[in-house]
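Me: I am new to protein structures and would like a close look at one part, the cavities. Please go slowly, and then link that part to the rest of the chain.

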Amino acid sequence: MAELCAPFCNRPCFLSEEGIKKARDKNSNNMESKGATASLLTVEFFQSILGKRGKLVSWYPFEIPQQSIGLTTTCKAIKDDDRMIGHQGFEITYRTSSDSARKTFRVVAKCKPLALKFVNIFGSWIEQKSGEVSQYAEMFRQVSYFRNSDVREIKVMRTQDSRFTDIAPKVYHTVCDPSKEVFVIVMEDLTGHVTHFNTINNASEVWDQEDIKVVLRDIARFHSIHLGNVTNLESEPWMCFYSGSVMKALSGFWYALLRHNCVTFPDLWTTKRTNLVRSFIDNMDRVWKVIESFPRTLVHYDFTPRNVCLRKQEFPTEDNHNRFFIANNKLCRVSCIYDWEMATVHAPQHDVVEFLAFVLPERGEITRRTDLVRFYQEQLEKSSGMTFNSEQFMNVFIAVCCVYALHQLSLKTITHSVTWLPYFERAVQSHMGFLEDLEERGCLKFLYDNELI
């Protein structure tokens, strides 16, 4: 749901020496100052980024292209202030201990806003809607998965397992101080090093079958890290996840949201489509029982082409990673996956459901989607060393599709009503078209018949 901040996005302020001095002076005079400001940009900060590379000589900010829609994209919501929010580039000059020559190093600092801000913004959107859906604004604030997303992304980005570090941007430094509302991740500058960057608006035209398989292979490796072993994750105070009981308790909200969306976008949420999603809510216990039959893991939960790209370089064939590659030269590439703030505990099929909704065309053969699910299953089995029943695996995928329709797509429709998302309606058509085709073929009966579960 990184679309949340779209109405408040601005171009980043180009940091100046004068601006930094003012911020430092302000901090000196106001011990209660909250958020990341230019006063953070000290010699110690940049030396921490460099680590053992060498000794800091100087640093200089540079402006980087900003996504027009993004959860932390230079968002000055409600009021204007001097906090750094969004992405800011820095070119760092340093000397190594063994070489007097100067070297440069380019990084991007992601300064995250307080998660509560986004909870309240989205809650206010719900509150302002007509009809009964507005009554659920406070309930949404209490259970929203935006909660703790500020801390959560930093915790995830500190993961050292190679199955994560191979596919995530390199992280050089993090600052996580909830008491001061400072949440910063300093990572590599991807400019010029990746393809398929921010292709969400025309994803179905850009991402071909081999591109999609690269991503499915790599996310399967990541999913294998915690597969079937999520107890510690669930106990973390920064983790937010939905259980079947929570989803059931929110049924009134899902019904109200569905009715609101049907009225607001009748061509998108047709009567036939609305009735189908309503049946998922009616049978939430059974749908969730299917999902819970599969081992859970840590998933990205905002797994769209806005947050996924491909690195340009290829690993040489003698590299140890080649055992994860498919025997097709185009697939000898690696994903780069970022913006992990929504990460949560769920069935691993969720990320596959979401990614395919955005990269596959509006209407297509059912087998194209299911073949990719089978491919992902093979990759998850290779990475985890587990074996799964193919029928059960597909049933869980379909059950997650149902929940994705009534949950994420319904909530994204609220965002779409506030600020038009150019890619959203295509994704709804792709995802709901798949479910409607399954319904016509009788492939959803297992969700409604107790004897088939």
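Reply: On a 1 Å grid over the protein atoms alone, a cavity is a set of points where a 1.4 Å probe fits but cannot get out; its lining residues have an atom within 4 Å of a point. Grid points are joined across faces, edges and corners, and the volume is the space filled by probe spheres set on those points.

This is a predicted model, in which local features need pLDDT of at least 70 and side-chain atom pairs pLDDT 80 or more, while totals for chains, interfaces and linings use all residues. Residues are numbered from 1 along each chain as its sequence is written, and side-chain values use heavy atoms, without hydrogens and water.

Now to your cavities: there are three of 30 Å³ or more, and the largest holds about 70 Å³ of space. Its lining draws on several stretches of the sequence, including Gly-35 and Ala-36, then Arg-83, Met-84 and Ile-85, and also Glu-181, Val-182 and Phe-183. Lys-112, Pro-113, Leu-114 and Lys-117 line this cavity too.

Let's step back to the whole chain. Of its 453 residues, 57% are buried, where buried means under 20% relative accessible area, exposed over 50%, and partly exposed in between (1.4 Å probe, protein chains only). Among contacts (heavy atoms within 4.5 Å) with a separation of 6 or more, 78% join residues 24 or more positions apart.

The chain has 17 helices and ten strands; these are DSSP runs numbered from the N terminus, helices being H or I with at least four residues and strands E with at least two. Helix 12 (residues 271-282) is a good example of burial: its buried residues include Arg-273, Leu-276 and Phe-280. Helix 11 (251-264) and helix 16 (390-418) are among the elements that cover the buried residues of helix 12.

Two cysteines are worth a visit as well. A disulfide is a covalent bond between the sulfur atoms of two cysteines, and here it is counted when those atoms are within 2.5 Å. The count comes to zero. The cysteine sulfur nearest to that of Cys-309 belongs to Cys-336, 4.5 Å away, which is too far for a bond. Cys-309 has 0% relative accessibility, so it counts as buried, and Cys-336 is buried at 0% too.

Last, look at the loop between strand 7 (297-299) and strand 8 (308-311), where Tyr-301 sits. Tyr-301 has a positive phi of about 75° although it is not a glycine, and it is buried, at 7% relative accessible area.

Definitions and conventions:
On a 1 Å grid over the protein atoms alone, a cavity is a set of points where a 1.4 Å probe fits but cannot get out, and a pocket is an open set with protein on both sides within 12 Å along at least five of seven lines; lining residues have an atom within 4 Å of a point.
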